[in-house]
Amino acid sequence: MTLTRRTTNSAPARLPSIILWCAFAALVALTLNNLAAAAFPFTAIDEHGHLSYTLHLINTHRWWPDFSQFPMVDVATNKALSTPNYINHPPMFYWFMKLAHVAIPSLHPIQFRLFSLALSLLAMWLYTRFGTRLGLSVGGSILYALFPFMLYLQLQMGFYSNDAMALLGGVITTYASLHWLKGERPHRSIFWMGAGVLLASVKLTALLLVGLYALFCLGLRAQQVRVLPRRFFLFGLLIAAISAAPFVYFLLTFDSPAPTTLGQLAQLKACLNCTHTNMNFLTWLGFFLSQFANQLSVPEATFFPILAYAAALLALFWPRMNQPSSPMRAMAIASAAATLITLGIHATFSWQRYHEYGWIFDSLVRYYLPLIGAYAAITCHALNPRTTMPDETP
């Protein structure tokens, strides 16, 4: 009788985890199927540009690109093209495949995808494991499992892009922040949040988003920060210095942390006539925000997770969630603040590009995917708000 009762009672408790891991398996299968059918290089998420960046470093034996002589590369022949490369990120992500090519000179560029695929799938494995630690209801776990699909990750993962490393860094930081906000293993949490920020620093928007999120998480538990040993402050300063250094160099060299290189300028000038509408700022802002739900130029469900997260933030004002000690409330505040600040900087930069060149293609929701774990957790937690989180197993 005792054994039967335990089995019966444990089955519903395991159902949310079963849902999440089945969704992860489906995501892996759909991603692999999409990669098998996709062209190479895949142009929709700038794969050709990222491949050309790496091949430039390999062919010129450089560790830092020469943006004045930075051409796109014909991947099939490994020959430089007349078109300049428009990618303007620092090179840390591309060093890994440069090192891999040194170790295995026969490595073909299509195999670079394996690196991005491994990073992306590891990120989504951690995303799934994070979901199993949230104590979600069955309905909440279904919504959490659907978040990556509604954001079309299965059509974006595995292509060679620094987005994969930024995604992994963001998920690591989010996972570690849950421990931090619950007051669990603060020393280990600080280390992993720092590691996540460092991984996210391969692109500016990810560094802003994830770095600000980590800072707000620390600020919301200021009492924990004050009792940390001095070495953790030095660790934080080191992470900040390493992460910011490439963008400070860009700022000093190009007068912007997101430099308008020759390739960027050529791309912007090519778009001078891509829109015939002269929008004022408010009209443009509405268009800019609406395009976050239009990623693939097909009917999408992308608007749903965006609106669901925005609606879930209202839970901050619900009495059951309005507790300063609630980890989910703290995560909601940190993620919302980091997102709004990053979005404000993003919008300012994008408005300048529209005003000067008519450029209208900056509204990409994938810039914000590094915090997908926080967005999904907050949204799903709003379905069944708790005042305390379930115990975390080591």
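The largest cavity comes to a volume of about 190 Å³, a cavity being a set of points on a 1 Å grid over the protein atoms alone where a 1.4 Å probe fits but cannot get out, and a volume being the space filled by probe spheres set on the points, which are joined across faces, edges and corners. Its lining counts 15 residues, with Gln-156, Met-157, Asp-163, Ala-164 and Leu-369 closest to the centre; a lining residue has an atom within 4 Å of a point. Helix α6 (residues 163-181) is the biggest contributor here, giving four residues. Altogether there are four cavities of 30 Å³ or more. This is a predicted model, so to speak of local features a pLDDT of at least 70 is needed, side-chain atom pairs count only at pLDDT 80 or more, and totals for chains, interfaces and linings use all residues. Residues are numbered from 1 along each chain as its sequence is written, and side-chain values use heavy atoms, with hydrogens and water left out.

Then there is the open space. The largest pocket has a volume of about 1,100 Å³, where a pocket is an open set of grid points with protein on both sides within 12 Å along at least five of seven lines. It is lined by 45 residues, and those nearest its centre are Phe-361, Asp-362, Leu-364, Arg-366 and Tyr-367. Two or more lining residues come from each of α8 (204-219), α11 (262-270) and α14. Of these, α14 gives the most, with five residues.

As for the overall build, the protein has 15 helices and two strands, taken as DSSP runs (H or I, at least four residues, for helices; E, at least two, for strands) and numbered from the N terminus. Of its 394 residues, 52% count as buried, with buried meaning under 20% relative accessible area, exposed over 50% and partly exposed in between (1.4 Å probe, protein chains only). Among contacts (heavy atoms within 4.5 Å) between residues at least 6 apart in sequence, 79% join residues at least 24 apart.

Helix α13 (residues 303-312) shows how burial is laid out along one element. Pro-305, Ala-308, Tyr-309 and Ala-312 are buried in it. Looking down the axis, the buried residues fall within an arc of 100 degrees, so they line one face of the helix; the arc is that of the directions from the helix axis to the C-beta atoms. Among what covers them are α5 (138-150), α14 (327-357) and α15 (372-381).

Helix α15 is also where Gly-373 sits. This glycine is buried, at a relative accessible area of 2%. Leaving aside residues up to four places away in sequence, Gly-373 touches Tyr-127, Phe-130, Tyr-144 and Thr-174. Its C-alpha atom is separated by 7.9 Å from that of Gly-131, although the two are 242 residues apart along the chain.

Aromatic rings pair up in plenty of places: the structure holds 34 aromatic pairs. Rings of Phe, Tyr and Trp (its six-membered ring) count as a pair if their centres lie within 6.5 Å, with planes under 30 degrees apart called stacked, over 60 edge-to-face and the rest tilted. Phe-67 and Phe-70 have ring centres 5.2 Å apart and planes at 85 degrees, so this pair is edge-to-face. Both of these phenylalanines are buried. Tyr-249 and Phe-250 make a tilted pair instead, 6.2 Å centre to centre with 50 degrees between the planes. Tyr-249 is partly exposed at 39% relative accessibility, while Phe-250 is buried at 0%. A charge is found over a ring too: Lys-98 lies over the face of Trp-63, 4.8 Å from the ring centre, the criterion being NZ of Lys or CZ of Arg within 6 Å of the ring centre and within 35 degrees of the ring normal.

A few backbone oddities turn up in loops. The peptide bond from Phe-40 to Pro-41 is cis, with omega near -5 degrees, and Pro-41 belongs to the loop between α1 (2-37) and α2 (47-60). Tyr-152, in the loop between α5 and α6, has a positive phi of about 60 degrees despite not being a glycine. Asp-255 also has a positive phi, near 65 degrees, and is placed in the loop between α10 (230-254) and α11. Tyr-152 counts as buried at 14% relative accessibility, whereas Asp-255 is exposed at 66%.
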